[in-house]
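Hi,

Here is the structure I said I would pass on. Have a look at it first, and my notes follow below.

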Amino acid sequence: MEFASASWWRPLVAAAIIQWISLAGADAATVPIGVFAWQGERAAETDWSPVLDYLNAALPQHSFRLDHYDAEGLRRAIAEHRVDLVITNPGYYVTMEAEFGLSRIATLASAGVSSPARAIGSVVFTRADRSEPADLRGLRGKAVAAVAPDAFGGYLIAALELKHQGLDTGSDLAAVRFVGLPMTRVVEAVRRGDVDAGIVRTCLLEQLVERGALRSEDYRVLSPRQEPGLACATSTPLYPDWPIAVTRQTDPALAKAVVRALLEMPEGEGRLSWTVPADYRPVHDVYQELRVGPYAGLGAVTPEALVRRFWPWLLGVFALLAAWVIHTVRVEYQVHRRTRELREALQARKEAETRVRQNQEQMDHLSRLSVLGELSGNLAHEINQPLTSMGTYARSLLRRQSRGTLTAEALTEACTEIANESERAGGIVQRIRHFARKRPAVREPSDIVAIAAEARRLLMGMLAHAPEITIEDRSRGRCRVLADGQQIQQVLLNLVKNAIDASRALPPERQDVRIVIEPADTRMLVHVIDRGAGLEEALRARLFEPFFTTKPDGLGLGLPICKTIVEAHGGRLWAGPNADGPGMRFSFSLPCHASSA
């Protein structure tokens with residue numbers, strides 16, 4: 001009887017069990033929350049898990065999920081409608097509010113901050129063992145590390161404060177190096193000494209000290225400010241805390257339920273809480289004054305701004321014009337162009353193969369003949385001297401014979417001198433013929449010092465009053481070069497001839513020319529140095545252009561041909577001022593032969 005009278009509670013328990021089973025069996029709607037992970041995914045998971053757990057408990061009909069992104073990843077997730085709620089810093093919120101129409105529904109009320117409207121700033125810091133920079137103005141000419149050009153606390157707030165201090169980050173700083181997320185990379189760059197100072201958001205340094213990742217005596221804050229209610233160091237004014245926002249596709253009923261739950265989220269020591277949305281006008285002011293983000297190009301009517309504003313109309317106009325142009329000229333143009341190109345390509349291919357082969361040989365040969373042509377006057381004089389001497393000795397023998405005073409000793413002496421002078425003239429002619437003859441290029445291991453000596457002998461034999469030409473061999477027999485000796489000799493003759501011409505009108509003590517040969521790793525360097533008047537930088541920049549010359553009667557082909565020869569040997573030819581005084585220094589490098597010691 002008592003059991004029957006106590007059975008009133010059974011229907012209530014059964015109904016509760018049925019309701020629980022129905023709720024447990026129903027699928028909860030998944031609500032993705034996109035979070036900007038400025039310290040990395042692990043730190044973001046730790047920071048925002050309490051909010052996730054609270055929402056899942058307060059709104060069991062929904063299944064909330066945290067998705068962690070960097071700045072660009074969060075932007076793509078919003079554009080692709082992969083998130084319904086967004087938790088990000090105030091700078092990125094303002095940017096994506098303008099781009100995607102985000103709407104903030106609450107503002108974070110962080111522990112240790114007196115007001116959510118004044119919670120975030122930037123800290124500019126350096127190593128404690130550095131005496132400079134002393135403050136923000138001391139950053140002029142220094143290198144600074146930051147997260148990214150669009151990072152709010154990690155760059156933009158500090159950039160605005162530097163602007164107020166009279167510094168432009170683009171021109172007054174030596175460099176701004178953006179190291180990316182997580183923000184601790186900035187701290188590491190300063191610690192290693194890669195930069196002079198770093199920019200991070202407020203309270204990051206204190207958090208690292210608290211976790212044991214940094215010591216407070218290791219860093220120094222530049223131009224610290226006293227902000228009421230803030231326990232952390234800051235170098236800038238403070239701005240509103242992080243908002244939570246909804247996207248355009250978020251269900252209004254869901255947004256309303258989330259707002260109600262967040263505002264009722266209990267406060268406590270070290271716990272997150274939320275308040276009504278703060279005024280983010282100060283954040284807009286940062287972007288507006290720096291002319292970045294939504295305010296890029298503000299105040300200037302630029303072609304980009306006009307395109308952004310009127311792009312649908314412009315696109316329509318260009319589409320009509322393009323259609324008209326395509327309709328009128330496309331078919332005819334394509335037929336004529338392709339027919340002409342095919343015909344020309346077939347003909348050009350046949351001719352080019354022949355020209356390339358012939359032109360290279362002709363170029364080298366003509367360059368050698370050009371050098372001989374420039375020296376032809378002196379060459380005639382040099383050959384004329386031994387011929388005159390031979391004539392003089394022969395006439396002397398005839399006079400002595402006619403007077404009957406010719407002796408055996410005089411005859412021997414005269415014949416010896418005639419033979420020596422003929423050998424001298426023959427040697428000059430032989431070297432010229434060897435230099436001028438046309439032949440295919442042959443590369444073989446060669447002694448660059450011997451090539452330079454032969455070029456010197458050829459010049460000394462061809463010039464009437466040749467200046468002093470010295471060869472300084474610093475190679476110590478280091479290696480031999482794989483080269484066509486005659487082509488490299490041609491390069492040396494051109495360079496030495498130019499050096500002689502550059503100082504011809506100067507006093508004799510400034511007419512000498514030096515050829516310096518020295519090793520450099522796996523290459524040999526050859527320098528031709530004169531003490532002439534030199535060339536201005538503007539002229540030096542054009543020295544190797546074809547047909548450019550500084551000589552009244554020059555063709556402007558010598559140096560370009562020399563450059564082609566050296567580069568064909570795997571080397572490089574360049575020019576610069578003489579480091580030891582007035583004049584110029586022409587240098588070229590040649591790789592050592594692979595089998596050289």
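Gly570, just after helix H17, takes a positive phi of about 80°. Keep in mind that this is a predicted model. Helix H17 itself covers residues 558–568, and its buried residues are Leu559, Pro560, Ile561, Cys562, Ile565 and Val566.

Another positive phi turns up in a hairpin. Strands S15 and S16 form that hairpin with two residues between them, and Asp521 in the turn has a phi of about 55°. S15 takes in residues 513–520 and pairs with S16 in the antiparallel sense, over eight bridges. If you want one pair to find on screen, try Val516, whose bridge partner in S16 is His527.

S16 has a second partner too: strand S18 (residues 584–591) runs antiparallel to S16, and seven bridges join them. Here you can look for Leu525, which has Ser589 in S18 as its bridge partner. So how much of S16, residues 523–530, is covered? Mostly covered is the answer, with seven of its eight residues buried.

Now for something on the surface. Val307, Phe310, Trp311, Trp313, Leu314, Leu315, Val317, Phe318 and Leu321 form a nonpolar patch there, and together they have about 970 Å² of accessible area. Trp313, one of the patch residues, sits in helix H11, which spans residues 303–374. Why does Trp313 count as exposed? Because its relative accessible area is 69%, and exposed means over 50%.

Happy browsing!

Technical notes: Residues numbered from 1 in each chain as written. Predicted model: local features only at pLDDT ≥ 70, side-chain atom pairs only at ≥ 80, totals over all residues. Heavy atoms only, no water. Buried < 20%, exposed > 50% of the residue type's maximum accessible area, 1.4 Å probe, protein only. Helix = DSSP H or I, 4+ residues; strand = E, 2+ residues; numbered from the N terminus. Pairing = 2+ DSSP bridges. Patch = residues over 30% accessible without salt bridge, like charges linked within 9 Å, V, L, I, M, F, W, Y side chains within 5 Å. Areas by Shrake-Rupley, 256 points an atom, 1.4 Å probe, with all protein chains shown as cover. Salt bridge = Lys/Arg side-chain N within 4 Å of Asp/Glu carboxyl O.
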